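Thanks for making room on the schedule. I have one structure to go through, and I will keep it short.

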Amino acid sequence: MSQRKSQAILNMEAAEQQYLNEKKAYDKALTDANLKLISSQHKHNKSLKHTDKALDNAREELHKPVSTIGDAELYWDHVEYRGQSMALEEGMTAEVHASGNVYVTTETRGKVGVSVLGAAVGGVVAGKIGAVAGGKKNKVETKNSVHDKRNLFITLQTSHNSMSIQCDPDHEDEARKFADHVIRSSSNMDEVKQDNDNEIAKLEKELDAIENDTDDIEQARQNVQYYENNKGAMQKAYSVYQQAMSYVPQPQLQAYQKSGSRRKTLKVIFVILMVLMFLYIVFIL
């Protein structure tokens, strides 16, 4: 093929470029439509998951303890303690009882030992008897023991039931707070239940609305289908390109394609060399 391109080759190249432009525009439009569909589905699923989790939490809210101390757990309508359960009742009482004290006892023990120097002096004074008496040395051991006899109880009383909760004597403040929580809970059980029911109903309504709100997803899906079913401009450009190629004499077309293949090979080799040079500079130098 001569260095100067024929008009047929120029027409083919122009048609090919037009086809590539149309294909690029089509591919971008289809990709954007698919990304929009994925984004809409992700946003919808995220909203569903968030609301569904909030609904689960609301449904579990009344099954979680409001307050605890030791082995005792206060729920919105009852108290559990070591296998016992006591229903709360408006007007019930909760009292904290503290008794006993902490005291120390001292135990003293005496031991008799023998002193060598004392025995020698005693022997000079009074012979063998003096030696024994003079050699005696008293040892006294003292041991202090701390006794904690304190007791701390919370007594709950309703019109027909009672419960006694034993607490750590060092946690009297916590015991009084627990007792206060019991009284407060017994006074607003109906309000807590009603608020929880309202929250569950609201979240169920929100979840149902989100499940049915799929307009954005449907619109995005229709856009994808539109581009998948409408390739007219790209297909028309491809037909023009094929027709322009058919007007090029075979010898010219073969020479052109062979030259194009060589150019592509050289480009690939050039890119590989550039990558290798970059790696050499980064990791070797």
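I will take the sheet, then the salt bridges, then a patch of charge on the surface.

Before that, one caution: this is a predicted model.

Start with the sheet. For anyone new to this, strands of a sheet pair through backbone hydrogen bonds, and the pairing can be parallel or antiparallel. Here 4 strands make an open sheet, the order is β1-β2-β3-β4, and the pairing is antiparallel. Which strands stand at the edges? They are β1, residues 67–69, and β4, residues 84–87. Each of them has a single partner strand, so one side of each has no neighbour in the sheet. From one strand to the next, the twist averages 15 degrees.

Now look at the strands in turn. β2 covers residues 72–74 and β3 covers residues 78–81. The two run antiparallel and are joined by 3 bridges. If you want to find this pairing on the screen, look for A72, whose bridge partner in β3 is Y81. Then go to L74, which stands opposite V79 in β3. The connection from β2 to β3 is a hairpin through 3 residues.

Follow the chain on to the next pair. β3 and β4 also run antiparallel, with 4 bridges joining them. V79 comes up again here, with M86 as its bridge partner in β4. So much for the pairing; what lies between β3 and β4? These two strands form a hairpin with 2 residues between them. In that turn, R82 has a positive phi of about 50 degrees.

Next, the salt bridges. How many does the structure hold? There are 12. I will show one of them, between the side chains of R184 and D180, with N to O at 2.7 Å. Both residues belong to helix α3, which spans residues 172–187. They are 4 residues apart in that helix, which means that about one helical turn separates them.

Last, the charge on the surface. A patch of negative charge is formed there by D52, D56, E60, D208 and E211. Where do these residues come from? The elements that give two or more residues to the patch are α1, residues 7–61, and α4, residues 189–212. The largest share is from α1, with 3 residues. As for D208, look for it in helix α4.

To recap, we have seen an open sheet of 4 strands, one salt bridge in helix α3, and a negative patch with residues from α1 and α4. That is the end of my part.

Conventions
Residues numbered from 1 in each chain as written. Predicted model: local features only at pLDDT ≥ 70, side-chain atom pairs only at ≥ 80, totals over all residues. Heavy atoms only, no water. Pairing = 2+ DSSP bridges. Axes fitted to C-alpha atoms, helices over the stretch in contact; angles between N-to-C directions. Patch = residues over 30% accessible without salt bridge, like charges linked within 9 Å, V, L, I, M, F, W, Y side chains within 5 Å. Areas by Shrake-Rupley, 256 points an atom, 1.4 Å probe, with all protein chains shown as cover. Salt bridge = Lys/Arg side-chain N within 4 Å of Asp/Glu carboxyl O. Lys, Arg positive; Asp, Glu negative; His and termini not counted. Charge placed at Lys NZ, Arg CZ, Asp CG, Glu CD.
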